[in-house]
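Colleague: Please take a close look at a single part of this model, and describe that part together with what surrounds it. I would like the cut-offs stated as you go.

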Amino acid sequence: MELLKQRIAKEGIVLNNAVLKVDSFLNHQLDPQLMMQIGEEFAGRFKNEGITKVVTIESSGIAVALTTALFLKVPVVFARKKKSILMTDDVFHTQVFSYTKKESNDITISKKFLGSKEKILIVDDFLASGEAALGMAALVREAGSQVAGIGIVIEKSFQQGRQRLLDAGYRVESLVRIESFVNNQVVFL
């Protein structure tokens, strides 16, 4: 997605040739027009898959999931990183490790919102190690539903996440793929 590449090149900040900071339009402040274009792009790529819900993890994936779901005309479900006192014990849960935050999170989805025999599109902001996407896929499978695909806004192709998802049999669609960081600059694939 050319517009997204341009925004990353202009506003993205590479830290220590390891982490890409895109908080001016995706992770802290949101650009609503860009989010709508991202959602439309994902919806177009997965329009023939019979998607019944879009699933993501709070919080950075929610805007992308929402705009994608708007175009697909389906609900959004987001996995919580912290279990609310309002959630009953009737939940699906697993643990995922965050590459960026260097911590593990128990992610939880209420069984009320993730039924069996659904076709789920998983979306997330970044793909690095694949832990988040694999964790969400585990919840979907535990519910008895199918992962119809995984949509990623920004993929760090130099890490093993994409290959792990492909090896697990999932279709992966990334809007931007990064080959490497060189001298704190982004090199696109």
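Modeller: Let me take helix α4 as the part, beginning at its end, where α4 is followed by G144, a residue with a positive phi near 85°. The model is a predicted one, in which local features need pLDDT of at least 70 and side-chain atom pairs count only at pLDDT 80 or more, while totals for chains, interfaces and linings use all residues. Residues are numbered from 1 along each chain as its sequence is written, and side-chain values use heavy atoms, with hydrogens and water left out.

Helices (H or I, at least four residues) and strands (E, at least two) are DSSP runs numbered from the N terminus. Helix α4 has twelve residues and spans 16 Å from its first C-alpha to its last, close to the 16 Å expected at 1.5 Å a residue, where the expected span is 1.5 Å times one less than the number of residues. Its buried residues are A133, G135, M136, A137, L139 and V140; buried means under 20% relative accessible area, exposed over 50% and partly exposed in between, with a 1.4 Å probe and protein chains only.

Helix α4, residues 131-142, lies across β3, β4, β7 and β8, and runs at about 165° to β7; axes are lines fitted to C-alpha atoms, for helices over the stretch in contact, and angles run from 0 to 180 degrees between N-to-C directions. These strands belong to an open sheet of six, in the order β4-β3-β7-β8-β9-β10, with mixed pairing; two strands pair if DSSP finds at least two bridges between them. Because β4 (76-79) and β10 (185-188) each have a single partner strand, they stand at the edges, and one side of each is left without a neighbour in the sheet. Neighbouring strands are turned by 30° against each other on average, with direction ignored. Within the sheet, β3 (residues 53-57) and β7 (residues 119-127) run parallel and are joined by three bridges, and V54 stands opposite L121 in β7.

V54 is also in contact, leaving aside neighbours within four places in sequence, with residues including A65, L72, V76, L121 and V123, contact meaning heavy atoms within 4.5 Å. The largest nonpolar core has 33 residues, and V54 is one of those with the most contacts inside it, together with L4, I8, L20, I38 and I154; such a core is a set of buried Ala, Val, Leu, Ile, Met, Phe, Trp, Tyr and Cys residues joined through side-chain atoms within 4.5 Å. The elements giving two or more residues to this core are α1, α2, α3, β7, β8 and β9. Apart from it lies another core, of 24 residues, and among them are A133 and M136, as well as L114 and I122.

At the start of α4, UniProt lists A128, S129, G130, E131 and A132 as "binding site" in an unreviewed entry; its positions are in the numbering used here, feature names are shortened, and annotations may be inferred rather than shown by experiment. G130 sits in the loop between β7 and α4 and, with a relative accessible area of 3%, is buried. Beyond residues up to four places away in sequence, G130 touches G161, R164 and L165. A132 lies in α4 itself and, at 21% relative accessibility, counts as partly exposed. Neighbours within four places aside, A132 is in contact with I57, V96 and D124.
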